[in-house]
Amino acid sequence: MRKKIIIISLSIMSASIILTNGYGKWQKELMIKGDINVIPDPLVVRELELAIEERQKQVERLSEQQKLLEEQRLLEEQRLLEEQRLLEEQRLLEEQRLLEEQRLLEEQRLLEEQRLLEEQKLLEEQEDNTKDLEESVEEKEKDNSNDKEDIEIEIDTSDESKKEIIIIDPEPMPIVELDSIIIEEPEDLGEHQ
């Protein structure tokens with residue numbers, strides 16, 4: 001029985017090989033005469049039209065979104081440029097303000113130095129005038145010591161910017177004023193000179 005099964009299976013295999021080769025080599029041309037009209041299925045056509053319309057709507061939406069994004073980007077760039085311009089202007093104004101403050105401080109410092117120098121010069125001049133006046137008073141005292149008259153000298157130093165020397169003689173005298181220095185000179189003293 002086993003031999004029969006082997007013989008049958010070999011026969012089937014060899015027959016299928018022979019038939020397959022035969023079908024592969026068989027060829028015949030088929031000629032069709034006439035017009036072939038293919039009628040599209042209306043459901044398929046409608047689905048295709050709807051799909052095309054949907055695609056067009058998507059394209060329009062995407063183009064509008066792209067335009068909006070482009071406008072937003074341009075507006076953002078303009079805003080950033082405006083902010084940069086404002087920051088630059090503010091920085092320039094701040095620099096100008098600082099320079100102006102420095103200039104004003106420098107001017108104030110120079111004015112203060114000049115005022116101090118002028119005050120110092122005035123003080124020196126007043127001291128020189130005071131010394132000259134004291135020397136002249138001493139000379140007059142020496143001259144007056146011969147006349148044996150009593151003369152009192154008062155020096156007011158309460159105000160440093162103004163020093164006064166007042167010479168008081170018991171007899172009435174005319175008043176002479178020189179740069180805030182008052183000298184009272186007796187009439188007979190002027191006659192002796």
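The following legends describe a predicted model in three views.

**View 1. Secondary structure and surface of the whole chain.** The chain has three helices and four strands (DSSP runs of H or I with at least four residues, and of E with at least two, numbered from the N terminus). Read from the N terminus, the order of these elements is α-α-β-β-β-β-α. Of its 193 residues, 8% are buried (under 20% relative accessible area, 1.4 Å probe, protein chains only). The exposed area of the chain is about 17800 Å² (Shrake-Rupley method, 1.4 Å probe), and carbon and sulfur atoms supply 56% of it.

**View 2. A negative surface patch that includes E135.** Such a patch joins like charges within 9 Å, taken at CG of Asp or CD of Glu, from residues with over 30% relative accessible area and no salt bridge (a side-chain nitrogen of Lys or Arg within 4 Å of a carboxyl oxygen of Asp or Glu). Its members are E124, E125, E127, D128, D132, E134, E135, E138, E139, E141 and D143. E135 belongs to helix 2, residues 42–147. E135 counts as partly exposed (from 20% to 50%) because its relative accessibility is 46%.

**View 3. A nonpolar surface patch that includes I32.** L30, I32, I36 and V38 make up this patch, in which nonpolar side chains are joined within 5 Å. Together they have about 520 Å² of accessible area. I32 is located in the loop between helix 1 (2–25) and helix 2. With 62% relative accessibility, I32 counts as exposed (over 50%).

Residues are numbered from 1 along each chain as its sequence is written, and side-chain values use heavy atoms, without hydrogens and water. Local features need pLDDT of at least 70 and side-chain atom pairs pLDDT 80 or more, whereas totals for chains, interfaces and linings use all residues.

Technical notes
Lys and Arg count as positive and Asp and Glu as negative; His and the chain ends are not counted.
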